[in-house]
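Please open the model in your viewer and keep the sequence panel beside it. This tour suggests what to select at each stop and then describes what is there.

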Amino acid sequence: MFGVLETHLSRQGWRVLSVDARGHGETTVSDPDAPFTYDDLAADLSAVMDDAGVDSVVLVGMSQGGYSALRVALAEPARVRALVLMDTESEASNAEQRAGYEELFAAWCDESIPLEPIARQLAGGLIGGSEQDREPWITKWLKSDRPAIRRAADCLIHRTDVTAELPRITCPALVLRGEFDETSTERKCAVLVEGLPNARPQVTIEGAGHGACVTHSDAVNAAVGDFLSTLG
C-alpha cells in the first residue's frame with residue numbers, strides 16, 4: 001500500500017521501514033488465536049525500531065496504522081519525531097459500526113460464503129479509485145487465509161478511544177484524508193487536528209476516498225514530502 005510513497009521518500013533521502021501488522025501481510029504470530037490490541041501493535045512497532053537501531057522516527061499510519069501510531073506516540077513520546085496520520089481517527093467504533101464490522105468479518109471468515117462479492121464491495125470503500133486501483137487488492141484478498149484475519153478484526157472492532165489523550169502528543173503532526181472517505185470523516189480528522197497541539201491544518205486529497213495513498217499517490221506524496229521538509 002505504501003510502495004509508491006516509500007519510493008518517493010527514499011529518493012528524498014529518508015530511510016523507510018514498512019511494517020506488516022499482526023494478522024496482515026507476511027507477519028506471523030506464534031499463537032494465531034491469541035487476542036491483541038492496538039497497544040500490542042504499538043509495542044510491535046517499537047520492537048521493530050529497536051531491532052533496526054532506530055532512536056527517532058516519523059511514523060506514517062493509514063487507517064489502522066494511525067491507531068497504532070498514536071499509541072506509540074503516547075507510550076514513547078521522546079522517540080516519535082512526528083506523525084503522519086492518513087484517513088484515520090482517535091475514536092472508538094460506535095455500536096452501529098461495531099455491528100457492521102461483526103457482520104462483515106463473520107462473513108469474511110466463513111469459507112462457505114463466496115468471498116469475491118464481499119471483497120469487491122469492500123474494495124469500493126476501503127480502496128476507492130478506479131477498477132485498476134482496486135483489482136490488485138481484490139486478487140490478494142481472494143488468495144488470503146480468510147479466518148486468519150479474525151483477531152485483527154476483533155482488535156479493530158473493540159479499539160479504545162484515545163481522544164482525551166491527544167494533548168499529550170506534542171510532536172508535529174500531519175492529518176490527511178481523502179475527500180470522499182466515509183470512514184475517516186472530516187469531523188473525525190478535525191478532532192485529531194484540534195486535539196494534537198502541534199498538528200498542521202488538515203489536508204484533504206481531492207477526489208480520493210479511504211485509500212488515498214493508493215489511488216492518489218502523487219497528491220499524497222507531495223503533501224507528506226512538504227510536511228517532512230519542515231522538520232529540518
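**First stop: serine 63**

Select serine 63, which lies in the loop between S1 and H3. Bear in mind throughout that this is a predicted model. Serine 63 is not a glycine, yet its phi is positive, at about 55°. Is serine 63 buried or exposed? With a relative accessibility of 12%, serine 63 counts as buried, because the cut-off for that class is under 20% relative accessible area.

**Aspartate 87**

Next, select aspartate 87, which is found in the loop between strand S2 (80-86) and H4. Here too phi is positive in a residue other than glycine, with a value near 45°. Aspartate 87 has a relative accessible area of 1%, and it is therefore classed as buried.

**Valine 60 and its neighbours**

Move to strand S1, which covers residues 57-62, and select valine 60 within it. Valine 60 counts as partly exposed, with a relative accessibility of 30%. Which residues does valine 60 touch, if those up to four places away in sequence are not counted? Show the side chains of Phe2, Leu5, Val84 and Met86, since these are the residues that valine 60 touches on that count. If you then draw a distance from valine 60 to aspartate 133, which is 73 residues away along the chain, the C-alpha atoms are separated by 21 Å.

**Leucine 17**

Now select leucine 17, whose place is in the loop between helix H1 (3-11) and helix H2 (38-52). Leucine 17 is partly exposed, and its relative accessible area is 41%. Leaving aside residues up to four places away in sequence, leucine 17 touches Ala52 and Val54. A distance drawn between the C-alpha atoms of leucine 17 and alanine 52 should read 8.8 Å, although 35 residues separate the two in sequence.

**Helix H7 and aspartate 154**

Select residues 150-157, which form helix H7, and find aspartate 154 within the helix. H7 is mostly covered, with 6 of its 8 residues buried; these are Ala152, Ala153, Asp154, Cys155, Leu156 and Ile157. Against which elements do the buried residues of H7 pack? Colour H2, helix H3 (64-75) and helix H4 (95-109), and you will have the elements against which those buried residues pack.

Aspartate 154 has a relative accessible area of 19%, and it counts as buried because the limit is under 20%. Its side chain makes a polar contact, at 2.7 Å, with the side chain of arginine 150. As background for this pair, an α-helix has 3.6 residues a turn, so residues three or four places apart point the same way.

**Stepping back to the whole chain**

Finally, clear the selection and show the whole protein chain, which has 10 helices and 4 strands. Following the elements from the N terminus, you will meet them in the order α-α-β-α-β-α-α-α-α-β-α-β-α-α. The C-alpha trace spans about 55 × 35 × 35 Å along its principal axes. The radius of gyration is 17 Å, which agrees with the value near 17 Å for a compact globule of 232 residues.

Of those 232 residues, 42% count as buried. Among contacts with a separation of 6 or more, 74% come from residues 24 or more positions apart. If you display the surface, the chain exposes about 11,800 Å², of which carbon and sulfur atoms supply 51%. Colouring by charge picks out 20 positive and 36 negative side chains, and the centres of these two sets lie 2 Å apart.

Note on methods
Residues numbered from 1 in each chain as written. Predicted model: local features only at pLDDT ≥ 70, side-chain atom pairs only at ≥ 80, totals over all residues. Heavy atoms only, no water. Helix = DSSP H or I, 4+ residues; strand = E, 2+ residues; numbered from the N terminus. Rg over C-alpha atoms; globule rule 2.2 N^0.38 Å. Buried < 20%, exposed > 50% of the residue type's maximum accessible area, 1.4 Å probe, protein only. Contact = heavy atoms within 4.5 Å. Areas by Shrake-Rupley, 256 points an atom, 1.4 Å probe, with all protein chains shown as cover. Lys, Arg positive; Asp, Glu negative; His and termini not counted. Charge placed at Lys NZ, Arg CZ, Asp CG, Glu CD. Polar contact = N/O pair within 3.5 Å; in protein donor to acceptor, adjacent residues only side chain to side chain.
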